[in-house]
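Biologist: I would like to learn how to read helix packing, sheets and backbone angles in a model. Could you walk me through a case?

Modeller: Gladly; let us put it on the screen.

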Amino acid sequence: MTASSRKPADVSPALPHGEQPLLSRLLEKCLEEPGGTEESTRTISLVQALLEDASRERASDIHLDPYRGGFQVRFRIDGVVIDTIALKEGDGRRIARACKSLAGLEPAVSRIPQDGRAEVKIGNRLSAVRVSAAPTVAGEKLTLRILETEWNWIRLDQLGLSQPDFDLVRQATRDARGMILLSGPTGSGKTTTLYALLHELRPDNKAIVTLEDPVECILDGITQIQVNPRQGLTFAEGAKGLLRLDPDVILMGEMRDSASARVALDIADTGHVFLSSLHARDAVATITALRNYGLEDFEIAAAVDLIVAQRLVRRLCLKCRKQQAPTAPEIKWLETLQQPIPKKTWHAAGCPECSMTGYRGRVGVFEVWRLHEEDADLILQHADEHTLRRRLRKQGMSTLLEDDLGKVTEGITTLAEMQAVGGFGFYTPGATRTVA
Ligand SMILES: [Zn+2]
């Protein structure tokens, strides 16, 4: 029944005014400069210009997509891929070869995937870039991910939690017990929230150990273990060693199968605070996911303390957002979801400040469930998702959909963005069935 649909990750969204963004100013300028310099010097300055353009636009990834007769350069900004400049075949190939060399890949090899890392200076900063090359039917495609080398702790109050949700989460971290679980699809910001929770749990008198695959950033004051199944360090093996390190709080990057769920339960059973993330569409569906991993109702009821479901939506650019009434299709969509129609909403306009996208940065949308005794009773009775949701609604829990609609009316994000991200329409108040 949900009218939302996920935008394919690699489709460029239409820009608000149908304008072409000026995302590749430096590269364009470099390409226009007359020859004369040595070929290799010119290529290096092209790569440098490409990286600086990407960095200025806050891009997390650069795609170099081959097509017949050329390459399309695209930037991922705030989670969305946007077309920038089109390169002639010769220039594209030269840039690709230079990037491969920089990252220690074999420049002449293009028929097998390769992966490497380079340290590069972007502006005045030294950054790490992961370069991945893969053969496609159109030729070799390159993806450059600009890695965060400096980690700044994101605090709980910076994630976008509403005041009641924030209070609930903070209270849960203060008297934490058992499992704290983050759920949502890939790229929904679960890792950032997990680290923000760790930060909250990090007073000096606590020992925190993490088990991650991969370790995404090195954190001061925390013991991090990198899972390496090829060398025999699985989640299960890591967990055994980790308990001997006398931790108070344990974080396991992701619960992805029955084995890791069992490990998680064993750890929570030992009385430690345990944090992890898993794929589930909302807070209640997390219980189903745990059941599917083979955990028994009595185990889930005893172990789980807090579940936070989340999505990431793009934040409207404050310089150019425009207040407008919702459009007819938006009204229809909200009616389908049985939601109230806000009189005023905001729309993305686009200005140079936001690379003409109308958005700048992202914010979390949340659903927070602190499990009470009554919830545990229902889980013990093997209550289905619908029964659990109905109880939570009675308790006044705000759903992902409602949290997001609140952000739409406050001018933080748009209905269009909400539809693009999707996954908000699983529960409609008053509806008699859940929708998958
Ligand atoms: Zn703007």
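Modeller: Let us start with a pair of helices in this predicted model. H6 passes H7 in a right-handed crossing.

Biologist: At what angle do helix H6 and helix H7 pack, and how far apart are their axes?

Modeller: Helix H6, residues 235-243, and helix H7, residues 258-269, pack at about 15 degrees, and their axes are 9 Å apart. Angles under 35 degrees count as roughly parallel, so H6 is roughly parallel to H7.

Biologist: Which residues of H6 and H7 meet?

Modeller: From H6 come Phe235, Ala236, Ala239 and Leu243; from H7 come Ala259, Ser260, Val263, Asp266 and Ile267. The contact of H6 with H7 divides into 7 nonpolar residues, 1 polar and 1 charged.

Biologist: Now the sheet. In what order do the strands lie, and is the sheet open?

Modeller: To read a sheet, follow the strands from neighbour to neighbour. Here 7 strands form an open sheet, ordered S9-S8-S10-S11-S7-S12-S15, with mixed pairing. The edge strands are S9 (223-226) and S15, each of which pairs on one side only. On average, neighbouring strands of this sheet are turned by 20 degrees against each other, direction ignored.

Biologist: In what sense do S12 and S15 pair, and over how many bridges?

Modeller: Strand S12, residues 304-316, and S15 pair in the antiparallel sense over 10 bridges. To find your place along the pair, look for Ala309, which stands opposite Glu367 in S15.

Biologist: Which strands does helix H8 touch?

Modeller: Helix H8 (residues 283-292) packs on the sheet and touches S7 (179-183), S11 (273-278), S12 and S15; the direction of H8 makes about 125 degrees with that of S12. Helix H13 (residues 400-409) lies across S12 and S15, running at about 145 degrees to S15.

Biologist: Last, the backbone angles. What is the phi of Asp78, and where is the residue placed?

Modeller: When you scan phi values, note the sign and the residue type together. Asp78 has a positive phi of about 50 degrees although it is not a glycine. Asp78 sits in the loop between strand S2 (70-77) and strand S3 (80-88). Met356 also has a positive phi, of about 65 degrees, and is not a glycine; its place is in the loop between strand S14 (345-347) and strand S15 (359-370).

Biologist: Why does Asp78 count as buried?

Modeller: Asp78 counts as buried because it has 20 C-beta neighbours inside 10 Å, and the cut-off is 20 or more. Met356 is buried as well, with 22 other C-beta atoms within 10 Å.

Terms used:
Residues numbered from 1 in each chain as written. Predicted model: local features only at pLDDT ≥ 70, side-chain atom pairs only at ≥ 80, totals over all residues. Axes fitted to C-alpha atoms, helices over the stretch in contact; angles between N-to-C directions. Helix = DSSP H or I, 4+ residues; strand = E, 2+ residues; numbered from the N terminus. Parallel < 35°, antiparallel > 145°, perpendicular 65-115°, else oblique. Left-handed = near helix turned anticlockwise from the far one by under 90°. Contact = placed C-beta atoms within 7 Å. Nonpolar A, V, L, I, M, F, W, Y, C, P; charged D, E, K, R; others polar. Buried ≥ 20, exposed ≤ 12 C-beta atoms within 10 Å, placed from the backbone. Pairing = 2+ DSSP bridges.
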